[in-house]
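Hi there,

Here is the structure I promised to pass on. Have a look at it first, and my notes follow below.

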Amino acid sequence: MKATLAPSSLISLPRHKVSSLRSPSLLLQSQRPSSALMTTTTAASRGSVAVTAAATSSVEALREGIAEFYNETSGLWEEIWGDHMHHGFYDPDSSVQLSDSGHREAQIRMIEESLRFAGVTEEEKKIKRVVDVGCGIGGSSRYIASKFGAECIGITLSPVQAKRANDLATAQSLSHKVSFQVADALEQPFEDGIFDLVWSMESGEHMPDKAKFVKELVRVAAPGGRIIIVTWCHRNLSQGEEALQPWEQNLLDRICKTFYLPAWCSTSDYVDLLQSLSLQDIKCADWSENVAPFWPAVIRTALTWKGLVSLLRSGMKSIKGALTMPLMIEGYKKGVIKFGIITCQKPL
């Protein structure tokens with residue numbers, strides 16, 4: 001029987017050497033890379049994904065850009081929207097105008113609905129250790145730790161986020177249960193098979209190598225552990241399609257430049273990757289309708305006096321982010337962007 005590891009113990013675990021993953025060629029054939037920040041990839045004859053040496057500097061630039069983006073914008077987000085840096089979950093076609101507290105409740109509901117979809121309930125006492133991959137300022141980690149009494153550790157590329165997350169854990173008397181550190185989701189500093197729940201809430205869209213990302217999630221999951229990926233995707237390609245339409249790709253490119261995103265993939269691409277690794281109980285869903293009210297609400301908040309003042313004070317990255325928000329709405333309305341959840345279980 002494995003001993004229970006405290007968060008401080010998890011931090012010191014040796015780094016695992018990550019091996020390459022052969023993945024379905026569909027993953028990166030679905031669209032071309034869209035900016036200088038994106039990883040240059042080629043599909044080998046047997047369907048493996050190779051990241052060229054020339055792309056290394058682009059990957060480093062992407063990593064640095066993501067860190068700088070969240071260093072600058074996280075404080076603004078927390079000031080206006082609180083400590084859950086993700087979409088809210090709403091009833092489809094809801095015409096009810098929600099207050100700020102209603103939108104924050106929808107963000108909590110997103111966590112609850114994700115756990116429910118994956119079959120993770122409070123009655124299930126197997127959730128003892130959790131990793132929050134792309135943890136933001138730790139909202140999900142603190143919520144899950146409180147819900148299950150679990151030990152949670154979060155990783156982020158942003159030193160500002162990691163510090164703020166640890167400060168909030170201390171303020172909420174949860175530092176004995178949760179901790180946060182700067183680490184790369186593609187090279188997680190944890191041993192194999194130690195987490196009962198591997199949680200990724202809206203971080204997959206930042207990953208330049210989706211195959212390596214998925215393999216790392218699977219590697220750190222304990223036998224029988226659950227993996228939950230909630231992420232922005234592009235639409236599934238129709239049979240016979242090899243890529244998105246040029247206008248669709250152009251729309252995503254414009255979003256990528258602001259939010260530091262590499263090439264997108266579809267929900268079905270994630271399913272293919274999980275199937276290639278022989279995961280069990282693979283499920284996915286399109287929650288685009290359930291998140292539809294979120295971006296309009298964020299824009300309305302940004303246009304308030306408090307929002308505008310905070311936005312101007314935060315810096316140019318925040319301003320560019322605000323100006324790009326209407327493109328997210330357009331992407332959802334036109335069916336190019338999909339909000340997907342993908343869950344699975346690691347075999348015993």
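Let me start with one pairing: C233 has K338 as its bridge partner in β9. Please keep in mind that the model is a predicted one. That pair belongs to the contact between β7 and β9, where nine bridges join two antiparallel strands. On the β8 side, five bridges join β8 to β9, and these strands also run antiparallel. There, D286 stands opposite G340 of β9. Seven of the nine residues of β9 are buried, so this strand is largely enclosed by the rest of the structure.

The wider sheet

These strands are part of an open sheet of seven, with the order β5-β4-β3-β6-β7-β9-β8 and mixed pairing. Its edges are β5 (178–182) and β8 (280–286), each of which pairs on one side only. From one strand to the next, the twist averages 15 degrees. Towards the β5 edge, strand β4 (residues 151–156) is joined to β5 by five bridges, and the two run parallel. Within that pairing, C152 has V178 of β5 as its bridge partner.

Two helices pack on the sheet. Helix α6 (residues 159–171) touches β4 and β5, and its direction makes about 165 degrees with that of β5. Helix α9 (residues 267–276) touches β7 (221–234), β8 and β9 (337–345), and its direction makes about 20 degrees with that of β9.

Cysteines

Since you work at the bench, you may ask how many disulfides the structure holds. The number is zero. For C265, the nearest cysteine sulfur is that of C233, 5.3 Å away, and C265 is in no disulfide. With a relative accessible area of 2%, C265 is buried. C344 is buried too, with a relative accessible area of 0%.

Two helices to look at

Helix α7 (residues 210–220) has nine of its 11 residues buried, so it is largely enclosed by the rest of the structure. Among the buried ones are F213, V214, L217 and V218, but also the residues K210, E216 and R219. At the N-terminal end of α7, D209 acts as a cap: one of its side-chain oxygens lies 3.2 Å from the backbone nitrogen of A211.

The other one is helix α10 (residues 288–291), which contains N290. N290 counts as buried, at 10% relative accessibility. Leaving aside residues up to four places away in sequence, N290 touches G88, F89, Y90 and P92.

Two backbone angles

Most residues other than glycine have a negative phi. Which residues depart from that here? E202 is one of them, with phi near 60 degrees, a positive value. E202 sits in the loop between β6 (195–201) and α7. Its relative accessibility is 10%, so E202 counts as buried. S278 also has a positive phi, near 60 degrees, and is found in the loop between α9 and β8. Is S278 buried or exposed? S278 is exposed, with a relative accessible area of 51%.

If you want a route through the model, you could begin at the C233 and K338 pair, move on to D286 and G340, and then turn to D209 at the start of α7.

Enjoy looking around!

Best wishes

Note on methods: Residues numbered from 1 in each chain as written. Predicted model: local features only at pLDDT ≥ 70, side-chain atom pairs only at ≥ 80, totals over all residues. Heavy atoms only, no water. Buried < 20%, exposed > 50% of the residue type's maximum accessible area, 1.4 Å probe, protein only. Helix = DSSP H or I, 4+ residues; strand = E, 2+ residues; numbered from the N terminus. Polar contact = N/O pair within 3.5 Å; in protein donor to acceptor, adjacent residues only side chain to side chain. Contact = heavy atoms within 4.5 Å. Pairing = 2+ DSSP bridges. Axes fitted to C-alpha atoms, helices over the stretch in contact; angles between N-to-C directions. Disulfide = S-S within 2.5 Å.
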